[in-house]
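Colleague: I'm looking at this one for the first time and don't know where to start. Please pick one spot, take me right into it, and then show me what surrounds it.

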Amino acid sequence: MSAEKKNGTPRTRAGGSGARPAGGGGGGAAAAMARPVTPGRIALYVLLLVGGVLVAPAGALLQAAWFPGGLLLSLAGLTGLLYGGGRATETVSGVLVPGAAWLVTVFLLLGTARPEGDFLFGAGLGSYLFLLGGVLVAVICTTVAQRRALGAPPGRAA
């Protein structure tokens with residue numbers, strides 16, 4: 001019954017031949033790039049930008065306050081923002097906007113010493129793990145969003 005005809009078109013069970021339709025399915029890159037720019041989409045990007053700026057100092061303070069748990073919680077918050085932005089906008093830009101805002105805030109605004117000698121990040125393991133882990137989370141979420149936008153199937157790349 002795997003090749004029954006219904007309404008004149010052959011139907012196969014899922015996973016039958018493994019053949020995919022031409023174009024990759026799922027809309028592809030052309031559909032992702034053809035999304036119209038609307039005021040709602042612009043407002044969503046601005047909200048993601050503000051979220052990226054706010055998550056950076058909150059995570060920097062939280063990871064220093066409760067070392068192992070605060071570090072995991074701050075990275076989980078960043079992951080939620082980046083992954084959620086990618087899912088909400090269904091574009092790679094939904095990950096890149098808050099990710100770039102986080103990077104600029106953490107490295108340029110919070111990472112420099114002030115004339116008074118104040119410095120938000122200590123020279124401990126937690127600060128370095130927060131910075132490196134945040135960059136790693138941003139790269140992973142961007143890759144996932146890019147594969148989803150291109151319509152690539154989940155799993156190993158062939």
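Modeller: Let's start at Trp102, which counts as buried because its relative accessibility is just 1%. (Buried means under 20% relative accessible area, exposed over 50%, and partly exposed in between, with a 1.4 Å probe and protein chains only.) Keep in mind that this is a predicted model, where local features need pLDDT of at least 70 and side-chain atom pairs count only at pLDDT 80 or more, while totals for chains, interfaces and linings use all residues. Numbering starts from 1 along each chain as its sequence is written, and side-chain values use heavy atoms, leaving out hydrogens and water.

Trp102 belongs to helix H4. Helices here are DSSP runs of H or I with at least four residues, strands are runs of E with at least two, and both are numbered from the N terminus. Who touches this tryptophan? Skip its neighbours within four places in sequence, and the partners of Trp102 are Gly52, Val55, Ala56, Leu78, Phe130, Leu131, Gly134 and Val135. (Contact means heavy atoms within 4.5 Å.) Val53 is also worth finding: 49 residues separate Trp102 from Val53 along the chain, yet their C-alpha atoms are 5.5 Å apart.

Now step back a little. Trp102 is one of the residues that touch the most other members of the largest nonpolar core, along with Leu82, Val106 and Phe130; the core has 18 residues. Helices H2 (39-65), H3, H4 and H5 each put in at least two residues, and H5 gives the most, with seven. Such a core is a set of buried Ala, Val, Leu, Ile, Met, Phe, Trp, Tyr and Cys residues joined through side-chain atoms within 4.5 Å.

Next, follow the tryptophan's own helix to its partner. H4 (residues 93-110) and H5 (residues 125-150) have axes that come within 10 Å and cross at roughly 165°, which makes H4 roughly antiparallel to H5. (Axes are lines fitted to C-alpha atoms, for helices over the stretch in contact, and angles run from 0 to 180 degrees between N-to-C directions; under 35 degrees counts as roughly parallel, over 145 as roughly antiparallel, 65 to 115 as roughly perpendicular and the rest as oblique.) On the H4 side you'll find Val95, Leu96, Trp102, Leu103, Val106 and Phe107, and they meet Phe130, Leu131, Gly134, Val135, Ala138, Cys141, Thr142 and Ala145 of H5. Sorted by class, that contact has 12 nonpolar, two polar and no charged residues. (Ala, Val, Leu, Ile, Met, Phe, Trp, Tyr, Cys and Pro count as nonpolar, Asp, Glu, Lys and Arg as charged, and the others, Gly among them, as polar.)

Pick out Thr142 there. It lies in H5 and is buried, since its relative accessible area is 19%. Beyond its neighbours within four places in sequence, Thr142 is in contact with Val92, Val95 and Leu96.

H5 also packs against H3 (residues 67-89), with the axes 9 Å apart and an angle of about 20°, so H3 is roughly parallel to H5. From H3 the contact takes in Phe67, Leu71, Leu78 and Leu82, among others, and from H5 it includes Leu129, Phe130, Gly134 and Cys141. This contact of H3 with H5 has 13 nonpolar, six polar and two charged residues.

Two residues of H3 show how burial can differ along a helix. Gly70 sits in H3 and is buried, because its relative accessibility is 0%. Apart from its neighbours within four places in sequence, Gly70 is in contact with Leu62 and Gln63. Gly70 and Phe130 are 60 residues apart in sequence, and 9.8 Å lies between their C-alpha atoms. Leu72, also placed in H3, is exposed, since its relative accessible area is 60%. From Leu72 to Leu129 is 57 residues in sequence and 9.8 Å in space, C-alpha to C-alpha.

Go on to the loop between H3 and H4 and you'll reach Glu90. Its phi is near 60°, a positive value in a residue other than glycine, and Glu90 is partly exposed, with a relative accessible area of 49%.

Finally, the whole chain. It has five helices and two strands, in the order β-β-α-α-α-α-α along the sequence. Of its 158 residues, 28% count as buried. Among contacts with a separation of 6 or more, 72% come from residues 24 or more positions apart.
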